[in-house]
Amino acid sequence: MASRGTTETSKLKQNLEEQLDRLMQQLQDLEECREELDADEYEETKKETLEQLSEFNDSLKKIMSGDMTLVDELSGMQLAIQAAISQAFKTPEVIRMFAKKQPRQLRTRLAEMDRDLMVGKLPRDLYTQQKLEILTALRKLGEKLTGDDEMFLSTNAGTALSQFERVSTDLGSGDKVFALASVEVEKAKR
């Protein structure tokens, strides 16, 4: 990460240029082989290629409108909150579901934990830690929490989770938090 994303940004640009070149070459090849193809095959292939170009264009618009370069002014802030996130989320499974924006899976995991706690399969302290992580992730994903869940959070939230809540809100963009969470997922896998 010493490059602060400059290498990744360069690679992203290269990949985008290669994708555009490939699609343009595909159209050119299609026109050159037009006589060898029957009319239906030509039209279908051309339609598919134009759809791919349209999708590519939509992706470019999204990247440009969201300023989705991998290097920006917030990279310093992102690096500063990595510690907060890694301390706030200790369960790789929760980090992964949060990074992939999977609120249903988070709720399913919470229900499984409730069951495991009742049958004595999960110690209370581990349950509390993981439930805090899941509820915080759900809140950051914009999910509605029950009154009981809100009460649980306010009663049990530690410094790391509070710090994560505050810093991630200051970032303003959930996508940046998700990107940072993705980094943490990769770290947890190692």
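1. Surface. This is a predicted model. The protein chain exposes about 12200 Å², and carbon and sulfur atoms supply 51% of that area. Of its 190 residues, 32% count as buried.

2. Secondary structure. The protein chain has 9 helices and 0 strands. Read from the N terminus, the order of elements is therefore α-α-α-α-α-α-α-α-α, where a helix is a run of at least four residues. When contacts with a separation of 6 or more are considered, 70% of them join residues 24 or more positions apart.

3. The largest core. Which residues have the most contacts inside the largest nonpolar core? They are L106, M113, I134, L135 and L138, in a core of 17 residues. Four elements give two or more residues to this core: α4 (92–99), α5 (103–118), α6 (124–140) and α7 (147–156). The largest share comes from α6, with 6 residues. Domain 1 (1–101) and domain 2 (102–189) both give residues to the core, so the core lies between them.

4. One residue of that core. L106 is among the residues with the most contacts inside the core. Its neighbours within four places in sequence are left aside here; beyond those, L106 is in contact with V94, M97, I134, A137, L138 and L141. Two of these partners, I134 and L138, are themselves listed among the residues with the most contacts in the core.

5. The second core. There is also a separate core of 5 residues, which includes L16, L27, L53 and F56. A link to the next point is L16: the C-alpha atoms of L16 and S59 are 9.8 Å apart in space, although the two residues are 43 apart in sequence.

6. S59. This residue lies in helix α2, which covers residues 39–65. Is S59 buried, partly exposed or exposed? S59 is partly exposed, because its relative accessible area is 39%, and the partly exposed class runs between the 20% limit for buried and the 50% limit for exposed.

7. The α6 and α7 pair. Two packed helices are described by the angle between their axes and by the distance between the axes. For α6 and α7 the angle is about 115 degrees and the axes are 10 Å apart. The crossing of α6 past α7 is left-handed. On the α6 side, the residues that meet α7 are T128, K131, L132, L135, T136 and R139. On the α7 side, they are D149, E150, F152, L153 and N156. L135 of this list is also one of the residues with the most contacts in the largest core.

8. S154. Helix α7 also holds S154. S154 counts as exposed because its relative accessibility is 55%, and exposed means over 50%. S154 and L132 are 22 residues apart in sequence, and their C-alpha atoms are 9.6 Å apart in space. L132 is one of the α6 residues that meet α7.

9. R104. Where is R104 found? R104 is in helix α5, one of the elements that give two or more residues to the largest core. R104 itself is exposed, since its relative accessible area is 71%. R104 and E143 are 39 residues apart in sequence, with a C-alpha to C-alpha distance of 9.9 Å.

Key:
Residues are numbered from 1 along each chain as its sequence is written. This is a predicted model: local features need pLDDT of at least 70, side-chain atom pairs count only at pLDDT 80 or more; totals for chains, interfaces and linings use all residues. Side-chain values use heavy atoms; hydrogens and water are left out. Buried means under 20% relative accessible area, exposed over 50%, partly exposed in between (1.4 Å probe, protein chains only). Contact means heavy atoms within 4.5 Å. Accessible areas come from the Shrake-Rupley method with a 1.4 Å probe; for residues, only the protein chains shown count as cover. A nonpolar core is a set of buried Ala, Val, Leu, Ile, Met, Phe, Trp, Tyr and Cys residues joined through side-chain atoms within 4.5 Å. Domain bounds come from an automatic or database domain assignment. Axes are lines fitted to C-alpha atoms, for helices over the stretch in contact, and angles run from 0 to 180 degrees between N-to-C directions. A crossing is left-handed if the near helix is turned anticlockwise from the far one by less than a right angle, and right-handed if clockwise.
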